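Q: I'd like to learn how to read strand pairing and helix packing from a model. Could we go through an example together?

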Amino acid sequence: MTRAATARRFLFLQGPHGPFFGQLAGLLRQAGATVWRVGFNRGDQAFWPDAAYFLSSHASADAWPDEIANLLTRHQITDLVLYGDTRPVHAAAVVAARRLGLTIHVFEEGYLRPYWVTYERDGANGNSRLMQIDLAAIRRLVSAGGLDHPQPPATWGDLRQHMFWGAVYHGFVLLGRHRFPAFRPHRALTAGQEFRLHLRRLLLLPFHRIDRLVATARIRRSGVPYHLALLQLEHDASFRDHSPFSRMTDFVELVIDGFAKGAPHHHHLVFKAHPLEDGRLPLASEIRRLARAAGLSDRVHYVRGGKLARLLDSAQSAVTVNSTAGQQVLWRGLPLRIFGTAVYAKPGLVSDQPLADFFSHPERPDSAAYRDFRRFLLETSQIPGGFYAAQSRQALLRRVVDRMLAVRDPYAVTFQQKEAGQQQLRLVSDP
């Protein structure tokens, strides 16, 4: 069921780098909706094709909450659209939108990335409705049948495009900074520094790939048992806003300490960098320093980003803060210990052992329960596609507009369908 699109008035804030938000807005207009966008810099403006519906914001951080409240009221907005819900301008907008009873659409990188993206109502990650949905209820729903299990495509290829669009976006921000003097990035680095990091990472991809392949092959061929520590981007919202750490090195230090106290002496520890790690932090040197201090220099390793599967296939267990890569760990039935807030942090899926005990005798997850949880995600909040590569963007756009126009959020729709099916079954069964 959908509300009449002609009655919908959407306001977009900041989105993924590249043309996705502009193309999405075009489809919503074709459906009959009215769509605006608030832009905070030249990068936001460059990727919005309809200048007549672009609203430049020059408000300071202190003035923004009042400005967004006025914009929502003045333009009679019914729907707010965001990429992530925790950056300061988005968090303030969510507060104002909830006060007015608006529908809030949140996009995020997929909980089951890289082949899907996340679309939810009201919040994502630690603010997701999934945090309140009990695993037992999910399993009852899945056991009732009717949930499909979509398969990922053979290839998707968003990583290079992600880096490319990031460099282009920050290039526009840098060149147009005189037009938006009040703009302040939600991250610590300047637009110029972000641009250089994205460009450098893109140019060094071939060299990093060789380094990663060599390091991975050395670990796999060594024959030693090893545990994986899955690193994240320190500036990413899931780490910054939904974890107990302020720095990634705090997590590294904790993991090395727990490994030193609990792991068998012939086991090794492998730190795997995030695929988009761009060198803004000296992670490799910090890991070497902390391993040396713990007397573990010959048992602790660092591998650059890239695909995780080859390392996971031979791992004993994995630890992370709250990375979505944890879902790949659970899919393989490997023990997983996490330290932050994550949608998959359900009893029976992740271990709550003290870290030394985990490295000594890690408890395996309930694989059947995880497969039910995964099926539920694929049926509800995970949409095949991506934000960056043209092919994956087209796949996403085909599916997401109808979900945005639907009255109920994906989780409510699924539970409602189950209730309707059970009621129909009772009617058929009763004489």
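Q: Which residue is the bridge partner of F271 in β9?
A: Happy to help, and please keep in mind that this model is predicted. F271 has Y302 as its bridge partner in β9. To read such a pair, look at the strands around it: β8 (residues 268-272) and β9 run parallel and are joined by 4 bridges.

Q: In what order do the strands of the sheet lie?
A: A good habit is to walk across the sheet from one edge to the other. Here the order is β9-β8-β7-β10-β11, an open sheet of 5 strands with parallel pairing. The edges are β9 (300-303) and β11 (336-338), each of which pairs on one side only. On average, neighbouring strands are turned by 20 degrees against each other, direction ignored.

Q: Which strands does helix α10 touch as it packs on the sheet?
A: For a packed helix, note its contacts and then its direction. Helix α10 (residues 248-262) touches β7 (226-230), β8 and β10 (318-320), and its direction makes about 165 degrees with that of β8. Helix α11 (residues 283-293) also packs on the sheet, touching β8 and β9, with about 175 degrees between its direction and that of β9.

Q: At what angle do the axes of α5 and α15 cross?
A: For two helices, take the distance and the angle together. The axes of α5 (residues 135-143) and α15 (residues 367-379) come within 9 Å and cross at roughly 75 degrees. That makes α5 roughly perpendicular to α15.

Q: Which residues of α5 meet α15?
A: L135, I138, R139, L141 and V142 do, and their counterparts in α15 are A368, A369, D372, F373, R375 and F376. By type, the residues of this contact divide into 8 nonpolar, 3 charged and no polar.

Notes: Residues numbered from 1 in each chain as written. Predicted model: local features only at pLDDT ≥ 70, side-chain atom pairs only at ≥ 80, totals over all residues. Heavy atoms only, no water. Axes fitted to C-alpha atoms, helices over the stretch in contact; angles between N-to-C directions. Parallel < 35°, antiparallel > 145°, perpendicular 65-115°, else oblique. Contact = heavy atoms within 4.5 Å. Nonpolar A, V, L, I, M, F, W, Y, C, P; charged D, E, K, R; others polar. Pairing = 2+ DSSP bridges.
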